[in-house]
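Student: Could you take me through one part of this structure in detail? I would like to look at the place where the two parts of the chain meet.

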Amino acid sequence: MAEWKGRILTGHRPTGPRHIGHLVGTLQTWVDLQASYECFFLIADLHVLTTDYDHPERIQKNVLEVATDWLAAGIDPDRSTLVLQSALPQHAQLTTLLGMLAGVGRLERNPTYKEQVQELNLQPSLGLLAYPVLQAADILIYKADTVPVGEDQLPHLELTRELARRFNQLYGETFPEPQAYLSPHPRLPGLDNRTMHTSYGNQIYLSETPQETARKVMGMYTDPTRIHATDPGHVEGNPVFTYLDAFDPDKNEVAELKSHYRAGKVGDVEVKRRLAEVLNRSLAPLRERRAGLASHPDRVREILIAGTEKARPVAQRTIEEVLEKMGLKAMNPLKTANETMSSSSR
Ligand code: TRP
């Protein structure tokens, strides 16, 4: 459509249900961007296998969980296209083709690869090394120009841009060099003030009950220097206030609460009670939509299939163009052979 600012491709690996960190960090931004961009939202299940290939039984369930959370958060399948990566072999095909242009030394210097190899203590696979090439294929196959991601993904986007440039130099203008779109919201810390991460157990899932949410909030890390409610408290670096800033619509009351906290006039329990209420109130509409969707998993599956089918011809068109430019013709082999013969006899 003419008034669109451009095309977005972004996605998540389906590692489990989404938590409030995903909501604040990415999903709210995506939901807003749907109004001005043509959006493709990718469930990157192939990417999960780069580390979790030994747990195939988890993926199906997590794909549905993620799709359900996205829809509940406001991803609108009438405006945006939801895509299941593994259902479109074109993603893997473009990965192979772009792989010809990706230097191994360059991939070995990718910070996430180095981190994973150190952390996971596993024999690094070709698949893990090629992780950012697959991600580049995800983006370039739709010729997306804008990629909303967190800062941790910037190295992957840089490699995508390099591959696009290299391809364009070698074979002629084909891909736009995609730009990162960083979320305007800072990352939410975990309940224990470390990075919010499923494996740390320090997250609040979107699908949780209000009771579970309240229980987790009451156990949150706060200001460790504070023993009594009358001690002056620290607001900066205190995740309870970071969450209030992200979820409490009443900015004036939050400002007042902060100044009381700094002055030692309000206790942690009271602040946490407010946060539990604010969080549950703010998540209630999402949770209601989620419950509705979760009781109709077939509807969620249909939305994912319909989006994937809508994306398929877009991906296929790019593959045909790339095959052609790289000297491989994607057309009927007989027809191609005839054309080649008649043009060489001329
Ligand atoms: N690597 C991304 C992450 O872990 C997920 C992802 C896969 C992605 N393909 C993508 C993000 C393409 C943006 C664009 O969060």
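Tutor: Here is a walk through the interface, with a short stop at the ligand afterwards. This is a predicted model, so local features need pLDDT of at least 70, side-chain atom pairs count only at pLDDT 80 or more, and totals for chains, interfaces and linings use all residues. Residues are numbered from 1 along each chain as its sequence is written, and side-chain values use heavy atoms, with hydrogens and water left out.

Start with the division. Domain 1 covers 6-188 + 297-335, and domain 2 covers 208-293. These bounds come from an automatic or database domain assignment. The two centres, taken over C-alpha atoms, are 35 Å apart.

Now the meeting place. Twelve residues of domain 1 are in contact with ten residues of domain 2; contact means heavy atoms within 4.5 Å. Together the domains bury about 1,000 Å². Buried area is the accessible area (1.4 Å probe) that two parts lose on being put together, summed over both. Carbon and sulfur atoms carry 73% of it. On the domain 1 side, I20, A72 and L188 supply 45% of the area buried against domain 2, more than any other three residues.

Next, the charged pairs. Two salt bridges cross the interface. A salt bridge here is a side-chain nitrogen of Lys or Arg within 4 Å of a carboxyl oxygen of Asp or Glu. R290 forms a salt bridge with E65, with 2.8 Å between the closest N and O atoms.

Which elements build the domain 1 side? α1 (20-33), α3 (59-73) and α14 (297-325) each supply at least two residues. Helices are DSSP runs (H or I, at least four residues), numbered from the N terminus. α3 gives the most, with six residues. By class, this side has nine nonpolar, one polar and two charged residues. Ala, Val, Leu, Ile, Met, Phe, Trp, Tyr, Cys and Pro count as nonpolar; Asp, Glu, Lys and Arg count as charged; the others, Gly among them, count as polar.

Stay with α3. E65 also forms a salt bridge with K61, with closest N and O atoms 3.3 Å apart. Both lie in α3, four residues apart, about one turn of the helix.

Last, the ligand. It is surrounded by 14 residues, each with a heavy atom within 4 Å of it. Among the closest are Y131 and D138. A nitrogen atom of the ligand lies 2.7 Å from a side-chain N or O atom of Y131. A polar side-chain atom of D138 is also 2.7 Å from a ligand nitrogen.

Notes
Polar contact = N/O pair within 3.5 Å; in protein donor to acceptor, adjacent residues only side chain to side chain.
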